[in-house]
Amino acid sequence: MKTILFTIAMFLLVFNLNAQNFGIRAGADFATAKADFDGYKISDNQTGFYIGVFTRLTLSEKFKIRPEVNYIYVEDLNMMQIPVLAELEMVNKLNICAGPSFGFLLDTEEGEKSFNMGLDFGVSYNITEKFLAEARYSLGLSNLVEDNMFDATLKLHGLFVGLGYMF
């Protein structure tokens, strides 16, 4: 929990330094939990939502770093996610992004890990100077099952589709 609070505090500091590139984002999360237990593969899909804040740190006219703090809710799952994305403008108003994502499950059960590392990649389109539409896939890389004798794995993935607003 201290790590989450520290990360949010650092993120807010970045917002204060770069307030002209501050934004909010929200939308739907089409989540998938993939489990593998003793050779049996199980997949469960659920729909939830996300809401978050982000900033764009400009490195050049077409290249930006986009750190975010997001809250994700899917039935039986609450998570804080902190992606740090490289964003590249491909053509006028169309951007691609990719980067690592650090997730912290807020309501883990016994036998589950709370830290989820992943890789996010997607696209965004600047509808206007203030509004953007985006679609992103989050590929969970961490096994969320504590050490076990069955070599069971559980990984979370999600397709995020939503809108953002820049202040």
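Reader: How many bridges pair β6 and β7, and in which sense?
Author: This is a predicted model, so take what follows as a reading of that prediction. Gly99 stands opposite Asp120 in β7, which gives you a place to start looking. Across the whole pairing, β6 and β7 are antiparallel, and the count of bridges is 11.

Reader: And on the β5 side, which residue in the turn of the hairpin of β5 and β6 has a positive phi?
Author: β5 and β6 run antiparallel, with 10 bridges joining them. Leu88 stands opposite Ile96 in β6. The hairpin leaves 2 residues between the strands, and the one in the turn with a positive phi, of about 80 degrees, is Lys93.

Reader: Which residue takes a positive phi in the hairpin of β4 and β5?
Author: β4 and β5 are joined by 10 bridges and run antiparallel. Arg66 has Leu85 as its bridge partner in β5. There are 2 residues between the strands of this hairpin, and the positive phi, near 70 degrees, belongs to Asp76.

Reader: How many residues does the hairpin that joins β3 to β4 run through?
Author: Strand β3 covers residues 57-58 and pairs with β4 in the antiparallel sense over 2 bridges. Leu57 has Ile65 as its bridge partner in β4. The hairpin from β3 to β4 goes through 4 residues.

Reader: β4 also pairs with β2, so what is the bridge partner of Phe49 in β4?
Author: The pairing of β2 and β4 is antiparallel and runs over 6 bridges. Look along β4 for the residue bridged to Phe49, and you land on Tyr73.

Reader: Staying in β2, is Tyr50 buried or exposed?
Author: Tyr50 lies in strand β2. The cut-off for buried is under 20% relative accessible area. Tyr50 comes in at 1% relative accessibility, so the label is buried.

Reader: Which side chain makes a polar contact with the side chain of Tyr50?
Author: Set aside the neighbours within four places in sequence, and the contacts of Tyr50 include Arg25, Asp29, Tyr71, Glu134 and Phe160. Tyr71 is 21 residues away from Tyr50 in sequence, yet their C-alpha atoms are 5.6 Å apart. The side-chain polar contact, at 3.4 Å, is with Glu134.

Reader: Glu134 touches Ser124 too, so where is Ser124, and is it buried or exposed?
Author: Ser124 is found in strand β7. Not counting residues up to four places away in sequence, Ser124 touches Arg56, Arg66, Glu87, Lys93, Leu94, Asn95, Leu132, Ala133 and Glu134. Its relative accessible area is 3%, and buried means under 20%, so Ser124 is buried.

Reader: Let's move to the pockets: which element gives the most to the lining of the largest pocket?
Author: About 570 Å³ of space lies in that pocket. β1, β2, β4, β5, β6, β7, β8 and β9 each supply at least two residues of the lining. With 6 residues, the top contributor is β1.

Reader: How do the residues of the lining of the largest pocket divide into nonpolar, polar and charged?
Author: The lining has 36 residues, and those nearest the centre are Ala33, Asp76, Leu77, Leu154 and Leu156. Asp76 is also the residue with the positive phi in the hairpin of β4 and β5. By class, the lining comes to 15 nonpolar, 13 polar and 8 charged.

Reader: What about the second largest pocket: which elements give two or more residues to its lining?
Author: This pocket holds about 270 Å³ of space. It is lined by 16 residues, and the closest to its centre are Asn21, Arg56, Asn126, Glu129 and Met166. The elements giving two or more residues to the lining are β5 and β8.

Reader: How do the residues of that second lining divide?
Author: Arg56, one of the residues closest to the centre of this pocket, is also touched by Ser124. Sorted by class, the lining comes to 4 nonpolar, 6 polar and 6 charged.

Reader: Zooming out, what percentage of the residues of the protein count as buried?
Author: The protein has 1 helix and 9 strands, and from the N terminus the helix is followed by the strands. Among contacts between residues at least 6 apart in sequence, 52% join residues at least 24 apart. Of the 167 residues, the share that counts as buried is 38%.

Conventions
Residues numbered from 1 in each chain as written. Heavy atoms only, no water. 1 Å grid on protein atoms, 1.4 Å probe; cavity = no way out; pocket = protein on both sides within 12 Å on 5 of 7 lines; lining within 4 Å. Points joined across faces, edges and corners; volume = space filled by probe spheres on them. Nonpolar A, V, L, I, M, F, W, Y, C, P; charged D, E, K, R; others polar. Pairing = 2+ DSSP bridges. Buried < 20%, exposed > 50% of the residue type's maximum accessible area, 1.4 Å probe, protein only. Contact = heavy atoms within 4.5 Å. Polar contact = N/O pair within 3.5 Å; in protein donor to acceptor, adjacent residues only side chain to side chain.
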